[in-house]
Amino acid sequence: AQFRTVDEDFFDDLEELLIESDVGYETAEQLTTALRDEAKLQKAKSRDDLKKVIVEKLVELYDQNGDAANEKLRSHDDGKTNIYLFVGVNGAGKTTTIGKLAKRFKDEGKSVLLAAADTFRAGAVEQLVEWGKRVDVPVVTGKEQADPASVVFDATTKAIAEHADYLLVDTAGRLQNKKNLMSELEKIERTIKKQAPDEPTETLLVLDGSTGQNALLQAKDFDKTTKLTGLVLTKLDGSSKGGVVLAIRNEMKLPVKLVGLGEKASDLADFDAADYAVGLFHDLV
Amino acid sequence: MAFENLSERIQKALRNLTGKGKISEEDINTASREIRLALLEADVNFKVVKDFIKKIKKEALGKEVQESLNPGQQVIKIVNDELTKMMGESAATLNKSKHIPTIIMMVGLQGTGKTTTVGKLAKRLIDKDKARPLLIAGDIYRPAAIDQLEQIGEQLNVPVYSEHDEKNVAKIVENGLKQADDNKNDYVIIDTAGRLEIDEPLMEELEQVKKVAQPDNILLVVDAMTGQAATDVAKGFDSRLDITGVILTKLDGDTRGGAALSIRAVTGKPIIYTGQGEKLSDLEQFHPDRMASRILGM
Ligand SMILES: Nc1nc2c(ncn2[C@@H]2O[C@H](COP(=O)(O)OP(=O)(O)OP(=O)(O)O)[C@@H](O)[C@H]2O)c(=O)[nH]1
Ligand SMILES: Nc1nc2c(ncn2[C@@H]2O[C@H](COP(=O)(O)OP(=O)(O)OP(=O)(O)O)[C@@H](O)[C@H]2O)c(=O)[nH]1
Ligand SMILES: [K+]
Ligand SMILES: [Mg+2]
Ligand SMILES: [Mg+2]
């Protein structure tokens, strides 16, 4: 889309751009209205003015919709293990994100343990074990087709006994409409709570950045099963913008905590609303 | 967001308008807002929606309303028929080579279901055609990708050709094809690493594999939950590789699956199979009419 003047055409283009970023029709309409009002209020005239105004407004809206105390990854340094549970649909990037985050914590000098609780998918345990080797972090595994909760039990026991700073739990991908698989996740959470009642510190839904409106249903159903503390938005190095997180934010106040920017261990970043807004509007202003 | 049935929505929107007779421009404009929303909620690409609405308007304007229908029902019928037509009216099949082996190559973005679908296809060919396939492990990047395919091969009792130290994928495929010739395998299915359609070196790698394998089928594996980018992705892979067909995975979820329409519209290539679960038996023939109803939320 081309910048013309600050007129209706511009905001039509803006709305189109939001829809094409998977923000969803309703949210795109709401955001466009808010951004149009703000641009008028600020009397934005030049291209640069406008860019500044809409980016700032989007960040303001994003911040308003959340809880300032829960924007970044949480951890406690009381000597107790921080347990992070990773959930999400098939192929979203859970295992890879765990590998990347393990590297980050390791680089910060923390002790990290991984739990290979996807005992279902072919090659899933081997995949996490390979990540463990790459980033030099031990992995707790169970027998093939073992009950995933039993692996989580063993890993929790070990993490607590060894005073690990972090335990990152990998789970099998599951579609949110599968009742039995969702209750398996509940069982995993219960297993953690049995030994560590205040954990998980983070329960993160991993979302593929190219997902469309189904991501909203994912967020709602996973949140019902294991109360979510945040989102990880992966594969943002592709042609998708992952705009559906704005709709999720609107409806559920859930923050994006991490973004995936590639397949390497270092391709992980904290979510930054301003950067995100700039990226979103990049083609427009 | 509850998806209200499109059919009900259009009925409601047209309730206060004309009775029987011809479909008026006003009727269509009212209905097309609802159609547009339904398709966008189903993740059909924005531009594809625009074109589709144009087509519907042309198709519907001035049309006699059939005896048994009211104007709302008539519009819905036109939308449904047009969508089914666009999805490809009859069921498409794989290309089969005159001489064995028939070669199938899987391509697509990361995590869409390629490796799993290699196993599903092998199982289907074995069950339906008593085939003797060879699988080639062409993903040398993802951690444990080769293990994954080997485990799938073991489950099916199907051989897997892999090389753990070779860094040239085309070379691995070439060697795998030699083994298939020696063992008279009638099908070869090549797994490849997931990649972005904008990743130049990795897209070039696929072109090299295509060159050495001369596959009869290049199947783009697409996640049914994909949003607006489905058109760019499909165009990207198709323009580089001239894909022969599409497999739409994870349709066992509750996604409306508008990506199917987006891909069809920009590539014209048929969707051949759908993935309906994680088990190797969860592969089904694609049904255009069912997909049309699903996208419309009916
Ligand atoms: N380009 C890109 N690829 C990614 C990113 N994160 C993960 N991937 C790739 O996506 C694919 C799937 O990632 P996994 O980590 O296996 O996903 P998962 O959610 O654990 O998958 P299941 O366990 O099968 O449900 C792999 O090929 C990863 O390399 C990312 O940020 N960018
Ligand atoms: N529910 C469901 N899951 C599927 C389907 N097809 C594949 N999967 C799952 O999706 C995830 C990714 O599948 P893979 O076969 O590893 O995908 P891939 O395209 O080979 O991934 P990369 O090699 O990393 O690009 C796994 O958890 C599979 O079990 C399907 O039709 N339905
Ligand atoms: K995906
Ligand atoms: Mg995984
Ligand atoms: Mg694969």
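**Two chains, two ligands: what makes each label fit**

Tutor: Let's start in chain A, where A:Pro200 sits in the loop between α7 (179-195) and β5 (202-208). Keep in mind that this is a predicted model.

Student: Why is the peptide bond between A:Glu199 and A:Pro200 called cis?

Tutor: Look at omega, which is about -5° for the bond joining A:Glu199 and A:Pro200. Most peptide bonds are trans, hence the flag.

Student: Which bond in chain B gets the cis label?

Tutor: The one from B:Ile100 to B:Pro101, with omega near -5°. B:Pro101 lies in the loop between α4 (71-86) and β1 (102-107) of chain B.

Student: What makes the phi of B:Lys184 worth pointing out?

Tutor: Its sign: phi of B:Lys184 is near 55°, a positive value in a residue other than glycine. Most residues other than glycine have a negative phi. You'll find B:Lys184 in the loop between α7 (169-183) and β4 (187-192) of chain B.

Student: On to the ligands. Why is the site of ligand 1 called shared?

Tutor: Because residues from both chain A and chain B surround ligand 1. The shell has 22 residues, and the closest are A:Lys94, A:Thr95, A:Thr96, A:Arg121 and A:Glu263.

Student: How do you know that B:Gln110 makes a polar contact with ligand 1?

Tutor: Set the distance against the cut-off. A side-chain N or O atom of B:Gln110 is 3.4 Å from a nitrogen atom of ligand 1, and a polar contact needs N or O atoms within 3.5 Å. So the B:Gln110 pair qualifies. From chain A, the side chain of A:Thr95 puts an N or O atom 2.7 Å from an oxygen atom of ligand 1, and a backbone N or O atom of A:Leu261 is 3.4 Å from an oxygen atom of ligand 1. Those pass by the 3.5 Å rule too.

Student: How much of ligand 1 does the protein cover?

Tutor: On its own, ligand 1 has 650 Å² of accessible area, and the protein covers 96% of that.

Student: Which helix gives the largest share of the shell around ligand 1?

Tutor: Helix α4 (residues 94-107) of chain A, with 4 residues. By class, the ligand 1 shell counts 3 nonpolar, 11 polar and 8 charged residues.

Student: And ligand 2, where does that lie?

Tutor: Between chains A and B. It is surrounded by 23 residues, with B:Gly113, B:Lys114, B:Thr115, B:Thr116 and B:Arg142 as the closest. Helix α5 (residues 114-129) of chain B supplies the largest share of that shell, 4 residues. The shell divides into 2 nonpolar, 13 polar and 8 charged residues.

Student: What makes B:Arg142 a polar contact of ligand 2?

Tutor: A polar side-chain atom of B:Arg142 is 2.6 Å from an oxygen atom of ligand 2, and the limit is 3.5 Å, so the pair counts. B:Glu278 passes as well, with a polar side-chain atom 2.8 Å from a ligand 2 oxygen. For B:Gly113, a polar backbone atom does the job, at 2.8 Å from an oxygen atom of ligand 2. The protein covers 96% of the 650 Å² of accessible area that ligand 2 has on its own.

Student: How big is the interface between chain A and chain B?

Tutor: Size is often given as the accessible area lost when the parts come together. Here about 3,400 Å² is buried, 52% of it on carbon and sulfur atoms. On the chain A side, A:Glu20, A:Tyr25 and A:Ser239 supply 16% of the area buried against chain B, more than any other three residues. The contact takes 42 residues from chain A and 39 from chain B.

Student: Why is the pair of A:Glu20 and B:Lys47 called a salt bridge?

Tutor: Their closest N and O atoms are 3.3 Å apart, and the rule asks for within 4 Å, so the pair fits. There are 3 salt bridges between chain A and chain B, while the structure holds 29 over all chains. The pair runs from helix α1 of chain A to helix α3 (residues 46-60) of chain B.

Student: How many residue pairs are in polar contact between chain A and chain B?

Tutor: 18, counting pairs with both residues at pLDDT 80 or more. On the side of chain A that touches chain B, α8(A) gives the most, with 6 residues. That side has 10 nonpolar, 16 polar and 16 charged residues.

Terms used
Residues are numbered from 1 along each chain as its sequence is written. Chains are lettered from A and ligands numbered from 1 in the order in which they are written. This is a predicted model: local features need pLDDT of at least 70, side-chain atom pairs count only at pLDDT 80 or more; totals for chains, interfaces and linings use all residues. Side-chain values use heavy atoms; hydrogens and water are left out. A residue is near a molecule or strand if one of its heavy atoms lies within 4 Å of it. A polar contact is a pair of N or O atoms within 3.5 Å; within protein, one must be able to donate a hydrogen and the other to accept it, and residues adjacent in sequence count only if both atoms are side-chain atoms. Accessible areas come from the Shrake-Rupley method with a 1.4 Å probe; for residues, only the protein chains shown count as cover. Helices (H or I, at least four residues) and strands (E, at least two) are DSSP runs, numbered from the N terminus. Ala, Val, Leu, Ile, Met, Phe, Trp, Tyr, Cys and Pro count as nonpolar, Asp, Glu, Lys and Arg as charged, and the others, Gly among them, as polar. Contact means heavy atoms within 4.5 Å. Buried area is the accessible area (1.4 Å probe) that two parts lose on being put together, summed over both. A salt bridge is a side-chain nitrogen of Lys or Arg within 4 Å of a carboxyl oxygen of Asp or Glu.
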